[in-house]
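The following exchange is meant for a reader who meets this protein for the first time. Each answer sets a value against the rule that gives it its name.

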Amino acid sequence: MARFFPTLDQAKFRSEGEFTLFQELAALDDGFTVIHSLPWLRGRTKRVYSQELQGYLQVSLARKHLSGEVDFVILHAELGMLCIETKAGQYKPSGFRFIHERGGYEIDPLNQVKDNTFVLNAMLQSWQMKCPIGYAVHFPDFDLDSSQIASAYLPLGRPLPDGILILQKHRRDMPSRIVQMMAHWKDALNYGSQHEFSREIDRFLESVWPKEARGGHLGRKIVADGDLWLRLDDKQANQVALCLDNDRRLIAGFSGSGKTLIARSLADLLAAKNLKVLFLLKNRQITQKVASQLSHVRRAVTVQTFHSYCESLGTRNNDGGIGEPNYDEHHLALHGSVDHQYAVLIVDEAQALNEADHLALRNHFANARKFVFADELQVLPGIEKGCSYRFLEDTYEERFFYLATVYRNPGGITQTMLEMRPPLHEVNCPRPISKEDLFRSISWDITKSIQALMAELSSGGVMKQDMIVLSQFSWLIEGIDDVSRSTVSAYRGMEKPVVIVVAGFDMDDVTLACALGRATTRAYIIVPIELLVGLSGVKSDFLRKGLEKIDRARVLDQDARDPNPRFIANIVHKYAGTAGRHEVFGKGFVYASRWRRWVYEGDAKWANRGAQLWGWWLSLSTSLPISAIDPVRNELTDCYLRHCAVCETTTPHDSHRTCLTCLASPLDDAKTTAVILQAADLGIVRSITLGQSLIKVAALVGDFQFPRQNGTVHGVTEVPVLFLATTIVEFRMRLKGVVATKSQMEQWLRDMLVASELDDSIEGLTGRTIGSLCGQKLLVKIDTGRYRLTDPQ
């Protein structure tokens, strides 16, 4: 069996004819090597395959019939090489060209395969090597009579049945036809007496398919994807033509539909008409890229970010005149003036600019032709206000044309993006859907995961400059070296063959989809294991649904056995030195002896008012802080766990990286025992206990659920008298009736609160309590001295 590069499981076929021939060539013996879909025109080829190919790029570009790749190249140490161009479908001859019977378009496969063969010849000549290189055209779906075959396909003076055509009838014995054609070319090129070309074959194979790239196909696929998909198609070119014939046009499209490509092509053509063009974008990186791509027309086309253009007018809007500029007010620089320099305004990423920005642009460029490109699904939440299609249509008095076809992203990525944020207009993707388009994985160590992934990609022929690591916040990917990295917002509009996305709690579906939309060949989503801990805090529905399918208990158990656990519950168990555990109203509390603080075993918010008051009593009576296990942050509340050199272990730190354990005093065993005894019977308040009012009110309300949300876990340093008073009154009214008098409230407070802990008289405290509840709109006065709850349960 012949040796194939790539193998069948890695090959990507663009037509049924290629797939058919691939299978039929497998019948060749093991002396043959078959290369399928060999690209060489793209600039990246020199990086993926060999530096030696670079020398032939300029030669190749001069040949107008070059397709950018040869469908098949067959190698044999005794017969030389054969290039084959495959054309599937029904065609009828028209001279040496062929016309598609259904589509009516004309093809010229002969010159195409001849010019591609020329590249191979030039390569060998540069090495001062010679080898027979022939060519053939493969039509798998029909046969031709000898009278129908143009003379251009028939070798002169050397009879060859059916000339250099491989027709449907040859499928019966494809190996014999291939050997026949290669033997013919060997004789026709005067190599008949030479039978050894292994040195030339090995040199060629190593050049176009080096050993380091043979274990994978991704590097080759990057080149093929770039050549096949990332260029202007007929529909996009038609939009450029329509823009040239109009003074105003709005074009919208899903990520990867070619908006920037159209805008750039338009600017190029307008410059050729000697028109001054201003090309504005939002992000700096894509602006620099477009400026580089249009550098040959830089005298006619100015490419800037919107904000840098505003600043170029001499106005820089700062808050208070210092620090970072106030980007929301840059548009003020355009007010009161009309531009007379530029004949054309092109705005890409228009959805990312604010409404005020567009109103200012419209008025400032009143004399210019205007072309606006937007995708309202790429307004990043929390970063920019943006604007909608409707607003842009009203502002520029034009309706959007919607690009329907997505070329940039592989089918699997486009499908995922459509599921995450369905557009309001039709979107289709001609690129095939593959399970290898998008990968998701859980990572215990982001840096190590990325390093391992980069090594795997490199073995597949992917260069470092073909990869990018994206995250919502830069600090998530600090310490990751040897590869480009950026935030999602800064990289919007850009593209790379391979995109690695590091997920986070705050990454929503819009941001995630924007990141995935940068990939032209493959994308990887790496999910930190911490997200599995705080599942409820994950903003992305796509990520959360995927995490919900994971056996969380198994992962927690695995983490507990790790020398360096990552889950906060396991970290507490390993480092806190827990003692004095007890439960109050269904919630656990424990003393972390090594951290010198109390830990509430619930979530970041108190589960009920009784547990809250007990937690406050713990911190008040022991003069120690109390924290909760925050599953969303995978931390303790109000602090950060870090290593302390003094304590020689992991301890709580504040935001200034100060160890809080070093600042606290330890709790002795007797006090811990007293706490446990008090928890066992809240009904008995010990006379020596500080904060007795807290215990009494906690025992009163228990696990009663008040309508308003419970507060975040934290401690107190003094008795919260007013909070206790409002709790008592609200609880009594909800339990005994929705209406109460002021005198009733006074009695409730007198019964529950310890006088020595009050900061006011009962009468004064009652008035403040009523005022507080009315201010919170929980209480309303219905008569003199009479009050009613506004939202009775």
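Q: How many helices and strands does the secondary structure of the protein come to?
A: The model is a predicted one. Its secondary structure comes to 27 helices and 30 strands.

Q: What radius of gyration does the protein have, and what would a compact globule of 793 residues have?
A: The protein has 37 Å, whereas a compact globule of 793 residues would have a radius of gyration near 28 Å. Taken along the principal axes, the box filled by the C-alpha atoms is roughly 120 × 65 × 45 Å.

Q: What share of the 793 residues of the protein counts as buried?
A: The share is 54%. The surface that the protein exposes is about 35,100 Å², and carbon and sulfur atoms supply 48% of it.

Q: What share of the contacts in the protein with a separation of 6 or more comes from residues 24 or more positions apart?
A: Such residues account for 69% of these contacts.

Q: How far apart are the mean positions of the positive and negative charges of the protein?
A: The protein has 92 positive and 93 negative charges, and their mean positions are 2 Å apart.

Q: Why is the pair of Arg-369 and Asp-247 called a salt bridge?
A: The rule asks for a side-chain nitrogen of Lys or Arg within 4 Å of a carboxyl oxygen of Asp or Glu. The N to O distance between Arg-369 and Asp-247 is 3.2 Å, so the pair meets the rule. By this rule the count for the protein comes to 25 salt bridges.

Q: Which parts does the pair of Arg-369 and Asp-247 tie together?
A: Arg-369 lies in strand β14 (residues 369–374), and Asp-247 lies in the loop between α8 (234–244) and β10 (248–253), so the pair ties together parts that are 122 residues apart in sequence.

Q: Why is Arg-369 called buried, and why is Asp-247 called exposed?
A: Buried means under 20% relative accessible area, and exposed means over 50%. Arg-369 has 16% relative accessibility and therefore counts as buried. Asp-247 has 53%, so Asp-247 counts as exposed.

Q: What makes the pair of Arg-561 and Asp-557 a salt bridge?
A: The closest N and O atoms of Arg-561 and Asp-557 are 2.3 Å apart, which is within 4 Å, so the pair is a salt bridge. Arg-561 is exposed, because its relative accessible area of 60% is over 50%. Asp-557 has 44% and is therefore partly exposed, the value lying between 20% and 50%.

Q: How do you know that Arg-642 and Glu-635 form a salt bridge?
A: Their closest N and O atoms are 3.4 Å apart, within 4 Å, so the rule is met. Arg-642 is partly exposed at 31%, while Glu-635 counts as buried at 12%. Elsewhere, salt bridges that share partners join Lys-282, Glu-349, Glu-384 and Arg-492 into one network.

Q: Why is Ala-699 called partly exposed?
A: Its relative accessible area is 37%, between the limits of 20% and 50%, so Ala-699 is partly exposed. Ala-699 lies in helix α24 (residues 692–701). Not counting residues up to four places away in sequence, Ala-699 touches Phe-585 and Leu-682. The C-alpha atoms of Ala-699 and Asp-681 are separated by 9.1 Å, with these positions 18 residues apart along the chain.

Q: What makes His-170 buried?
A: His-170 has a relative accessible area of 12%, which is under 20%, and so it is buried. The place of His-170 is in the loop between β9 (165–166) and α5 (174–188). Leaving aside neighbours within four places in sequence, His-170 is in contact with Asp-162, Leu-165 and Arg-177.

Q: Why is the phi of Glu-397 worth noting?
A: Most residues other than glycine have a negative phi. Phi of Glu-397 is near 55°, a positive value in a residue other than glycine. Glu-397 lies in the loop between α13 (389–396) and β15 (400–403), and at 64% relative accessibility Glu-397 counts as exposed.

Q: Where does Glu-648 lie, and what is its phi?
A: Glu-648 lies in the loop between β26 (640–644) and β27 (649–653). Its phi is positive, about 60°, although Glu-648 is not a glycine. With 65% relative accessibility, over the limit of 50%, Glu-648 therefore counts as exposed.

How values were computed:
Residues are numbered from 1 along each chain as its sequence is written. This is a predicted model: local features need pLDDT of at least 70, side-chain atom pairs count only at pLDDT 80 or more; totals for chains, interfaces and linings use all residues. Side-chain values use heavy atoms; hydrogens and water are left out. Helices (H or I, at least four residues) and strands (E, at least two) are DSSP runs, numbered from the N terminus. Buried means under 20% relative accessible area, exposed over 50%, partly exposed in between (1.4 Å probe, protein chains only). The radius of gyration is taken over C-alpha atoms; the globule rule is 2.2 Å times the number of residues to the power 0.38. Contact means heavy atoms within 4.5 Å. Accessible areas come from the Shrake-Rupley method with a 1.4 Å probe; for residues, only the protein chains shown count as cover. Lys and Arg count as positive and Asp and Glu as negative; His and the chain ends are not counted. The place of a charge is taken as NZ of Lys, CZ of Arg, CG of Asp or CD of Glu.
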